[in-house]
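Visitor: I would like to be walked through this model with care, strand by strand and then around its loops and pockets. Could we begin by looking at it together?

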Amino acid sequence: MRFETIKDLDRESKCIELFCNTFKLTYSKLDENDIDFCLYKDLKLIAYAEVKGRNRTVSDAYPLPIACRKLVKIVDKKINPLIIWDCYDGIIYGRLEQIEGKIKMGGRKPRDQSTNDIEAMAYFDKQSTLKELFKQ
């Protein structure tokens, strides 16, 4: 069962637009069963990105969580896997091959009909290879 709402998708779109506008990139949305976006520079595919909502400020966002199954999907794409966490006041982003994290069981309080609320998760502490970009 999908739990993403229109509000979640709108937030995701605003996040990727901020990132792409900052770095003069364009993007396309991938299928709902895939990772989130392809990123392009001068019409050439340069990266894949997964956007995760983080209901905190940038300063309170760490450690940054992401499901291990998402990491596997984005690494399988083979081209510059990028993770972007959207916070209330900015975004935090990093290229997966440049960041270090810890793996443990985690997630969120289980919801009715959900199979992925408790699962293997990666958690990333603040590090120099994670960049922060604040919203205007």
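Guide: What follows is a set of questions and answers on this predicted model.

Visitor: In what order do the six strands of the open sheet stand?
Guide: The open sheet is built of six strands whose pairing is mixed. Both senses can be seen within it, since β3 and β5 run parallel and are joined by six bridges, whereas β5 and β6 run antiparallel and are joined by five bridges. The order of the strands is β1-β2-β3-β5-β6-β9.

Visitor: Which strands stand at the edges of that sheet?
Guide: A strand at the edge has a single partner strand, so one side of that strand is left without a neighbour in the sheet. From one strand to the next the twist averages 30 degrees. The strands at the edges are β1 and β9 (131–134).

Visitor: Which residue in β9 is the bridge partner of Gly 90?
Guide: Strands β6 and β9 run antiparallel and are joined by four bridges. Within β9, the bridge partner of Gly 90 is Phe 134.

Visitor: How many residues of β5 are buried?
Guide: Buried here stands for a relative accessible area under 20%, and β5 (81–86) can be examined against that cut-off one face at a time. On one side Pro 81, Ile 83 and Trp 85 are buried, and on the other side Leu 82, Ile 84 and Asp 86 are buried as well, which leaves both faces of β5 covered. The strand is therefore largely enclosed by the rest of the structure, and the number of its buried residues is six of the six.

Visitor: Which residue in β6 stands opposite Ile 84?
Guide: Ile 84 belongs to β5, where it is the bridge partner of Val 51. On the way from β5 to β6 the chain passes through a hairpin of three residues, and the two strands pair in the antiparallel sense. The residue in β6 that stands opposite Ile 84 is Tyr 93.

Visitor: At what angle to β3 does α2 run?
Guide: Helix α2 (68–75) lies across two strands of the sheet, β3 and β5. Its direction relative to β3 is given by an angle of about 175 degrees.

Visitor: Is Lys 70 buried or exposed?
Guide: Lys 70 is found in helix α2. Leaving aside residues up to four places away in sequence, Lys 70 touches Asp 34, Ile 35, Glu 50 and Lys 52. Its relative accessible area is 13%, and because the cut-off is 20%, Lys 70 is buried.

Visitor: Which residue in β8 is the bridge partner of Ala 67?
Guide: Strand β8 (residues 118–124) is mostly covered, with five of its seven residues buried. It pairs with β7 (residues 102–107) in the antiparallel sense over six bridges, and Ile 103 stands opposite Ala 122 in that pairing. Four bridges also join β8 to β4, again in the antiparallel sense, and the bridge partner of Ala 67 in β8 is Met 121.

Visitor: Which strand gives the most to the lining of the second largest pocket?
Guide: About 180 Å³ of space lies in this pocket, and its lining holds 13 residues, of which Phe 19, Leu 82, Tyr 93, Gly 94 and Arg 95 lie nearest the centre. By character the lining divides into seven nonpolar, four polar and two charged residues. Strands β3 and β6 (90–95) each supply at least two of these residues, and the strand that gives the most, with three residues, is β6.

Visitor: What is the relative accessible area of Lys 78, which has a positive phi?
Guide: Lys 78 is not a glycine, and yet its phi is positive, at about 75 degrees; the residue lies in the loop between α2 and β5. Lys 24 also has a positive phi, of about 55 degrees, in the loop between α1 (6–23) and β1 (26–29), and it is exposed, with a relative accessible area of 66%. Lys 78 is exposed too, and its relative accessible area is 69%.

Visitor: Which residue does a cis peptide bond join to Tyr 62?
Guide: The bond in question has an omega of about -5 degrees. The residue that follows Tyr 62 across it is placed in the loop between β3 (44–53) and β4 (64–67), and that residue is Pro 63.

How values were computed: Residues are numbered from 1 along each chain as its sequence is written. This is a predicted model: local features need pLDDT of at least 70, side-chain atom pairs count only at pLDDT 80 or more; totals for chains, interfaces and linings use all residues. Side-chain values use heavy atoms; hydrogens and water are left out. Buried means under 20% relative accessible area, exposed over 50%, partly exposed in between (1.4 Å probe, protein chains only). On a 1 Å grid over the protein atoms alone, a cavity is a set of points where a 1.4 Å probe fits but cannot get out, and a pocket is an open set with protein on both sides within 12 Å along at least five of seven lines; lining residues have an atom within 4 Å of a point. Grid points are joined across faces, edges and corners, and a volume is the space filled by probe spheres set on the points. Ala, Val, Leu, Ile, Met, Phe, Trp, Tyr, Cys and Pro count as nonpolar, Asp, Glu, Lys and Arg as charged, and the others, Gly among them, as polar. Two strands pair if DSSP finds at least two bridges between them. Axes are lines fitted to C-alpha atoms, for helices over the stretch in contact, and angles run from 0 to 180 degrees between N-to-C directions. Contact means heavy atoms within 4.5 Å.
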